[in-house]
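Welcome to this tour! Open your viewer, get comfortable with rotating and zooming, and select each stop as we reach it.

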Amino acid sequence: MVFELIRPAPLTEQKRSRDGCIYLYRAMKFIGWLPPKQGVLRYVYLTWTLMTFVWCTTYLPLGFLGSYMTQIKSFSPGEFLTSLQVCINAYGSSVKVAITYSMLWRLIKAKNILDQLDLRCTAMEEREKIHLVVARSNHAFLIFTFVYCGYAGSTYLSPVLSGRPPWQLYNPFIDWHDGTLKLWVASTLEYMVMSGAVLQDQLSDSYPLIYTLILRAHLDMLRERIRRLRSDENLSEAESYEELVKCVMDHKLILRYCAIIKPVIQGTIFTQFLLIGLVLGFTLINVFFFSDIWTGIASFMFVITILLQTFPFCYTCNLIMEDCESLTHAIFQSNWVDASRRYKTTLLYFLQNVQQPIVFIAGGIFQISMSSNISVAKFAFSVITITKQMNIADKFKTD
């Protein structure tokens with residue numbers, strides 16, 4: 001079944017944490033990011049990779065710029081804002097794609113660390129949690145897919161039916177004014193380029209959420225292992241100490257996992273933080289002042305895609321900080337009072353390390369969290385306020 005991965009698999013099957021990235025990596029393979037390691041097919045595949053980067057990552061933002069330079073006078077205010085909001089996001093998307101693709105090796109290496117963490121997941125309840133997070137991660141990617149494809153499809157159909165291309169990208173070879181056939185051809189070519197760019201953008205936006213959902217699952221399992229320390233009367237003091245050491249090693253693996261994915265996440269989220277307020281501002285101005293019902297639907301879908309780019313991940317970052325605090329409480333509340341001196345010394349070392357929460361820093365400047373996301377999103381309302389105070393919308397309508 002196509003959607004079988006969005007439901008937790010039965011415990012009779014063996015699932016690994018890396019299986020939560022299956023849909024993500026299938027999309028990467030489709031768009032040209034994961035070439036075969038050797039053989040003739042590798043070079044054929046790399047040709048496809050080059051094509052997607054030329055058309056979707058390079059041509060798309062330049063196509064917007066070319067259309068502004070050649071036909072800016074033919075844009076209505078609503079059409080220009082519809083184009084501008086996507087144009088700004090396209091430039092940001094190209095930067096995010098470049099960062100993600102250049103550091104893709106980090107994401108692949110992180111899956112190897114997940115395999116090491118899975119070796120400790122032998123209890124039935126731990127396997128159940130892995131199955132659950134695998135389904136949840138693939139489900140999240142599927143939601144991203146439906147929303148992003150919904151935006152591209154809605155923005156494609158409504159303008160074409162109204163007699164104009166959806167994004168009016170610069171095309172020196174086909175003049176869409178010369179009849180209905182050329183309009184549909186030019187629009188379909190735009191849609192194909194935009195669909196590739198939307199998929200690339202989706203990959204750059206969804207991997208942080210997927211990787212951190214899996215991270216939270218392992219933090220949760222580590223917390224439960226800590227709570228069980230020295231609770232089994234059948235274990236000797238030496239065996240209890242070994243269990244504590246294993247928990248310490250699990251935490252170190254988790255920190256290694258975070259250290260590998262942090263540079264990728266911090267670069268892509270920082271780029272999105274720089275753009276989210278401006279893009280949302282232009283989109284809301286378009287919705288409030290210039291759009292008809294069809295443009296409004298497309299803009300509404302675009303707003304959802306913009307919010308999906310950061311809000312779920314930022315919320316997950318807040319939960320991860322709470323998980324780290326829960327680890328601290330679990331260590332302190334574990335059964336250590338009558339433990340040996342060696343056990344207490346190791347526990348104290350563990351407690352000191354766990355008290356440093358796992359935090360992601362956007363661009364090395366500010367912490368990625370819900371408060372930071374809300375702060376940058378508020379800029380959208382500043383853009384709307386400026387527009388109202390200067391009566392810009394009324395001046396465009398009068399003209």
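Which residues does Ala152 touch, not counting residues up to four places away in sequence? Select Ala152 and look around: Trp167, Tyr191 and Val198 are the residues it touches. Keep in mind as you explore that this is a predicted model.

**Stop 1: Ala152**

Ala152 belongs to helix 5, which covers residues 124-161. Its relative accessibility is 3%. Buried means under 20% relative accessible area, so Ala152 counts as buried. Now add Ile22 to your selection. Ala152 and Ile22 are 130 residues apart along the chain, and their C-alpha atoms are separated by 23 Å.

**Stop 2: the whole protein**

Zoom out and show the cartoon. The protein has 13 helices and two strands. Along its principal axes, the C-alpha trace spans about 85 × 60 × 35 Å. Of the 399 residues, 52% are buried. Switch on the surface next: the accessible surface comes to about 19,400 Å², and 64% of it belongs to carbon and sulfur atoms. How do the contacts relate to the sequence? Take the contacts between residues at least 6 apart in sequence: 80% of these join residues at least 24 apart.

**Stop 3: helix 1**

Select residues 22-31, which form helix 1. Which residues of helix 1 are buried? They are Tyr23, Leu24, Tyr25, Ala27, Met28 and Ile31. Colour them, then show their surroundings: the buried residues of helix 1 pack against helix 2, helix 4 (104-118), helix 5 and helix 6. Move just past the end of helix 1 and you reach Gly32, where phi is positive, at about 105°.

**Stop 4: helix 6**

Helix 6 runs over residues 180-227. Pick out Ile214, which is found in this helix. Is Ile214 buried or exposed? Its relative accessible area is 0%, so Ile214 is buried. Show what surrounds it: leaving out residues up to four places away in sequence, Ile214 touches Ser17, Gly20, Cys21, Leu114, Val133, Ser137 and Tyr257. You can also draw a distance to Leu132: the C-alpha atoms of Ile214 and Leu132 are separated by 9.9 Å, with their positions 82 residues apart along the chain.

Stay in helix 6 and select His218. With 5% relative accessibility, His218 counts as buried too. Setting aside neighbours within four places in sequence, His218 is in contact with Ser17, Leu114, Leu117, Asp118, Cys121 and Ile254. Try displaying Ser17 and Leu114 together with both helix 6 residues: they appear among the contacts of Ile214 and among those of His218.

**Stop 5: a patch on the surface**

Turn to helix 2, residues 40-71, and find Val54 there. Val54 has a relative accessible area of 41%, so it is partly exposed. Add Trp48, Leu50, Met51 and Trp55 to the selection: together with Val54 they make a nonpolar surface patch of about 510 Å².

**Stop 6: two helices side by side**

For the last stop, select helix 9 (residues 311-333) and helix 11 (residues 370-377). Two packed helices are described by the angle between their axes and the distance between those axes. Here the axes come within 8 Å and cross at roughly 150°, so helix 9 and helix 11 are roughly antiparallel to each other. To see where they meet, show side chains for Phe311, Cys314, Tyr315 and Asn318 in helix 9, and for Met370, Asn373, Ile374 and Ala377 in helix 11.

Technical notes: Residues are numbered from 1 along each chain as its sequence is written. This is a predicted model: local features need pLDDT of at least 70, side-chain atom pairs count only at pLDDT 80 or more; totals for chains, interfaces and linings use all residues. Side-chain values use heavy atoms; hydrogens and water are left out. Patches are made of residues with over 30% relative accessible area and no salt bridge: like charges are joined within 9 Å, nonpolar side chains (Val, Leu, Ile, Met, Phe, Trp, Tyr) within 5 Å. Accessible areas come from the Shrake-Rupley method with a 1.4 Å probe; for residues, only the protein chains shown count as cover. A salt bridge is a side-chain nitrogen of Lys or Arg within 4 Å of a carboxyl oxygen of Asp or Glu. Helices (H or I, at least four residues) and strands (E, at least two) are DSSP runs, numbered from the N terminus. Buried means under 20% relative accessible area, exposed over 50%, partly exposed in between (1.4 Å probe, protein chains only). Axes are lines fitted to C-alpha atoms, for helices over the stretch in contact, and angles run from 0 to 180 degrees between N-to-C directions. Angles under 35 degrees count as roughly parallel, over 145 as roughly antiparallel, 65 to 115 as roughly perpendicular and the rest as oblique. Contact means heavy atoms within 4.5 Å.
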